[in-house]
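Work through the exercises below with the model open. Each task is followed by a solution in steps.

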Amino acid sequence: HSARPLSQTIENPELHRTQFCDDVLKGLKFEPKYLESKYFYDAKGDELFQQIMASPEYYPTDCEMEIFREQTGGLSKVIRDGSPFNLIELGAGDATKSIHLLRKLLEDKAEFTYLPIDISGHVIDLLHQTLPLQLPGLKVEGLEGDYFDALEKAEKYSDQRKVVLFLGSNIGNMPVPAAEAFCRQLREHLSPGDMVLMGFDLKKHPKIVLAAYNDAAGVTRQFNLNLLERINREIDGNFNLDQFEHYPTYDPETGACKSYLISLADQQVHVCGETINFKKDEYIFMEVSQKYSAAETRAMAKQAGFKVTSEFYDTKGWFLDTIWEA
Ligand code: AVI
C-alpha cells in the first residue's frame, strides 16, 4: 500500500465501507495492532494534512518546494532530452510543487502531456479545470485510480517516453521492504530511457525529524486521532479519543519515524459489530515516515534496476529529489 495526501472519492460507498471494515479489523486483530495510514486522508484528514504542511516544524514540504522553485532549470533540463514525453505524477494532489516544473517545461518548449494520477476522481476533475487556466497551452490528461493500473492506462494512452513523478516523500510511508518492492514494480512498468523523479526525506538531526511529527500545536496528534474518529463515523466505531495518546518516535539508526496511539486504560472498543480489547499501555502502530541517507536512495535505485541520473538537494540538505533512468 502507499499513503496519499488527498481524499479518496467514494465511487462505491458500500464496497468502500466493507473494505474499510476488513482492513481496520485485520489491523486491530493483529498482534501488535496497526492501522493503515492511507486511511488518514478523508476530508478532515486532508485538511489536517494541509495544516501539518503549513506548520513551522514540518520541514519536508518547504524543502521540496524550494527545490521546485529554485532548481526548475536543472530539473527541466534533465527531464527533457529532446523527445516528447508523458509526465506522469503519482498522487498528484493539487500539484502545487509540480506546477513550477510544468511552467518551466512549457517555457523550455518541451513537448509533453501531463498525466496526473490520483485515486480521487474529484482531485483529477479539479486539476482538469484549474491547470489549463494557470498554464495556458498545457495538455492535461488526468487518470483516476490505483498507481499501477493508471500507469497501464497511460501506456495505452500513448507510447511516448515516460517521466514519473513521485514527490513529497510519499515513498517514506512504506516500510523499507515495501518501498523496495514498489520501486521494482515501477521499473517493470517502464522501458529503457524512461525516468523517475522521486522525493526522499533525508536523515538529519533526530530532534528536527521528531519535531516535524510532534508539532507544538498538536496538529499531527489530531491527524492521528482523526483516523479513530473516522472509524467512529464511518464504520460504527466507539473509540473514546481521550483514552488514546499520540506517541511519535524517531530512531536515527534505522531512519524510521513511527507514530503510535497508546491505550491509556484497559478498554473495549466496538468496530463494525466486533469487539476489540485493549490493555492499558497497548499501542496501535499508525504510520512510518522513513528517512533515508543519500547512499540508501542510490542503493534503492540500484536494487530496482535504475541508474541515478542526477540529484537535487535543498540548501539545508534535508531533502533530495533524485532522478533515475530505467
Ligand atoms: C504524506 N506523507 C509523506 C507525510 C509524512 O511526512 O510521512 C504524512 C504525515 N504524517 C504525519 N505528518 C505528515
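**Exercise 1.** Is S169 buried or exposed?

Solution. The model is predicted, so local features need pLDDT of at least 70 and side-chain atom pairs count only at pLDDT 80 or more, while totals for chains, interfaces and linings use all residues. Residues are numbered from 1 along each chain as its sequence is written, and side-chain values use heavy atoms, with hydrogens and water left out.

Step 1: the cut-offs. Buried means under 20% relative accessible area, exposed over 50%, and partly exposed in between (1.4 Å probe, protein chains only).
Step 2: the value. S169 has a relative accessible area of 9%, so S169 is buried.
Step 3: the place. S169 belongs to the loop between strand 5 (161-166) and helix 8 (176-188). Helices (H or I, at least four residues) and strands (E, at least two) are DSSP runs, numbered from the N terminus.
Step 4: the backbone. The phi angle of S169 is near 60 degrees, which is positive in a residue other than glycine.

**Exercise 2.** Find another loop residue with positive phi, then a cis peptide bond.

Solution. Step 1: C272, a residue other than glycine, has a positive phi near 50 degrees. C272 sits in the loop that joins strand 9 (267-271) and strand 10 (274-278).
Step 2: the peptide bond from E31 to P32 is cis, with omega near 0 degrees. P32 is in the loop between helix 1 (13-29) and strand 1 (33-34).

**Exercise 3.** Describe how helix 3 is covered and how it packs against helix 5.

Solution. Step 1: burial. Of the 11 residues of helix 3, 8 are buried, and the helix is mostly covered. The buried residues are P60, T61, C63, E64, M65, E66, I67 and F68.
Step 2: the cover. It includes helix 2 (43-54), helix 4 (72-79), helix 5, strand 6 (195-201), strand 12 (307-313) and strand 13 (319-325).
Step 3: the geometry. Two packed helices are described by the angle between their axes and the distance between the axes. The axes of helix 3 (residues 60-70) and helix 5 (residues 98-107) come within 8 Å and cross at roughly 10 degrees. Axes are lines fitted to C-alpha atoms, for helices over the stretch in contact, and angles run from 0 to 180 degrees between N-to-C directions.
Step 4: the class. Angles under 35 degrees count as roughly parallel, over 145 as roughly antiparallel, 65 to 115 as roughly perpendicular and the rest as oblique. Helix 3 and helix 5 are therefore roughly parallel.
Step 5: the residues. M65, F68 and R69 of helix 3 are in contact (heavy atoms within 4.5 Å) with S98, H100 and L101 of helix 5. The residues of this contact comprise 3 nonpolar, 2 polar and 1 charged. Ala, Val, Leu, Ile, Met, Phe, Trp, Tyr, Cys and Pro count as nonpolar, Asp, Glu, Lys and Arg as charged, and the others, Gly among them, as polar.

**Exercise 4.** At what angle do helix 2 and helix 10 pack?

Solution. Step 1: the angle is about 175 degrees, and the axes of helix 2 and helix 10 (residues 219-234) are 10 Å apart.
Step 2: helix 2 and helix 10 are therefore roughly antiparallel.
Step 3: on the helix 2 side are K44, G45, L48, F49, Q51 and I52, which meet V219, T220, Q222, F223, N226, E229 and R233 of helix 10. This contact has 5 nonpolar, 5 polar and 3 charged residues.

**Exercise 5.** Which residues are closest to the ligand?

Solution. Step 1: the ligand is surrounded by 13 residues (a heavy atom within 4 Å), and the closest are Y58, N173, Y213, E287 and S289.
Step 2: look for polar contacts, here pairs of N or O atoms within 3.5 Å; within protein, one must be able to donate a hydrogen and the other to accept it, and residues adjacent in sequence count only if both atoms are side-chain atoms.
Step 3: a polar side-chain atom of N173 lies 2.8 Å from a ligand nitrogen. For E287, a side-chain N or O atom is 2.8 Å from a nitrogen atom of the ligand. For S289, a side-chain N or O atom is 2.6 Å from an oxygen atom of the ligand.

**Exercise 6.** What is in contact with K258?

Solution. Step 1: K258 lies in strand 8 (residues 256-263) and is partly exposed, at 30% relative accessible area.
Step 2: leaving aside neighbours within four places in sequence, K258 is in contact with Y247, P248, T249, F285, E287 and V288.
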